[in-house]
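Here are my notes from a pass through this model, written up as numbered points. Have the viewer open while you read.

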Amino acid sequence: MAVLMQLNKEVVQHKVALDEAPLTLGRDAANDLQIEDRTVSGFHARIEWVPGDEKTPGHHRIVDLDSTNGTFVNEETVTSHRLAANDRLRLGLVNFLFATDEAVQHDRTARVHKSWIPGVYYTKD
C-alpha cells in the first residue's frame with residue numbers, strides 16, 4: 001500500500017494511506033484531504049489508481065485540477081504524472097512525499113534522558 005505524507009521542514013505532519021479509491025486534495029472542505037493553505041486551490045489535485053494489466057502493474061498517478069499555482073513532482077510542473085516511490089510532490093507551497101510500503105522506514109523512537117539541570121531533558125543520537 002502506498003502512503004502520502006505531508007511534510008513541514010522535512011518532518012512528517014500527516015500520513016494518508018492510499019488505496020484504489022481516488023483522493024482529492026485542496027483547500028475546500030469537500031476534498032478528501034483538506035489543505036488549509038492559501039497557495040493551494042479549492043480543488044487542487046487528485047491522486048488516482050491506474051489498474052495494471054498482464055504486462056504492467058497498477059500504479060498511482062497525480063492529476064492537476066487546473067490549479068492556480070500548479071502541481072509539482074520533484075519540482076517539475078505536471079498536469080498528470082505516474083508516481084514512483086520517494087517522489088516529492090508540491091501543491092502551492094505545501095510539500096508531500098509519496099512512498100510505498102518498501103520505501104517507508106520507521107525511525108527508532110529516541111530515548112529521553114534527564115539532565116542534572118532540573119526540568120531539562122535531552123536525547124542522544
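1. Let's begin with the fold pattern. Read along the sequence, the chain goes β-β-β-β-β-β-β-β-β-β-β-β-β, which comes to 13 strands and 0 helices. Keep in mind that this is a predicted model.

2. On overall shape, the radius of gyration is 18 Å, well over the 14 Å that the globule rule gives for 125 residues, so the chain is more spread out than a compact globule. The C-alpha trace spans about 60 × 40 × 25 Å along its principal axes. Of the 125 residues, 37% count as buried. The chain exposes about 8600 Å², and carbon and sulfur atoms supply 48% of that. As for contacts between residues at least 6 apart in sequence, 28% of them join residues at least 24 apart.

3. Next, the nonpolar packing. The largest nonpolar core has 19 residues, and Leu4, Leu25, Ile47, Ile62, Leu89 and Phe96 are the ones with the most contacts inside it. Two or more residues each come from β1, β3, β5 (45–50), β10 and β11 (94–99), with β11 giving the most at 3 residues. There is also a second, separate core of 5 residues, among them Val3, Leu7, Leu97 and Ala99.

4. Ile62 is worth clicking on. Leaving aside neighbours within four places in sequence, Ile62 is in contact with Ala45, Arg46 and Ile47, and also with Thr71, Val73, Val78, Thr79, Ser80, His81, Leu83 and Leu89. Two of these partners, Ile47 and Leu89, also appear among the residues with the most contacts inside the largest core.

5. Now the charges. Side chains of opposite charge can pair when their charged atoms come close. The structure holds 4 salt bridges. One of them joins Glu10 and Arg88, with the closest N and O atoms 3.1 Å apart. This pair links distant parts of the chain, 78 residues apart: Glu10 is in the loop between β1 (2–8) and β2 (11–18), while Arg88 is in strand β10 (residues 87–91). Glu10 is exposed, at 55% relative accessible area, and Arg88 counts as partly exposed at 36%.

6. Strand β10 comes up again with Arg90, whose side chain meets that of Glu75 in a salt bridge (3.0 Å, N to O). Glu75 sits in the loop between β7 (71–73) and β8 (76–78), so the pair ties together parts that are 15 residues apart in sequence. Which end is buried and which is exposed? Arg90 counts as buried because its relative accessibility is 17%, under the 20% cut-off. Glu75 is exposed, at 52%.

7. Arg46, Glu48 and Arg61 are linked in a network of salt bridges. Within the network, the side chains of Glu48 and Arg46 meet at 2.8 Å, N to O. Glu48 is buried, with a relative accessible area of 13%, whereas Arg46 counts as partly exposed at 26%.

8. Last, a polar side chain to inspect: what does Asn31 reach? Asn31 is found in the loop between β3 (23–26) and β4 (33–34), and at 7% relative accessibility Asn31 counts as buried. Its side chain reaches the backbone oxygen of Gly42 at 2.7 Å, and a polar atom of that side chain lies 2.9 Å from the backbone oxygen of Asp28. Outside its neighbours within four places in sequence, Asn31 is in contact with Thr24, Leu25, Gly26, Gly42 and Phe43.

Technical notes
Residues numbered from 1 in each chain as written. Predicted model: local features only at pLDDT ≥ 70, side-chain atom pairs only at ≥ 80, totals over all residues. Heavy atoms only, no water. Helix = DSSP H or I, 4+ residues; strand = E, 2+ residues; numbered from the N terminus. Buried < 20%, exposed > 50% of the residue type's maximum accessible area, 1.4 Å probe, protein only. Polar contact = N/O pair within 3.5 Å; in protein donor to acceptor, adjacent residues only side chain to side chain. Contact = heavy atoms within 4.5 Å. Core = buried A, V, L, I, M, F, W, Y, C linked by side-chain atoms within 4.5 Å. Rg over C-alpha atoms; globule rule 2.2 N^0.38 Å. Areas by Shrake-Rupley, 256 points an atom, 1.4 Å probe, with all protein chains shown as cover.
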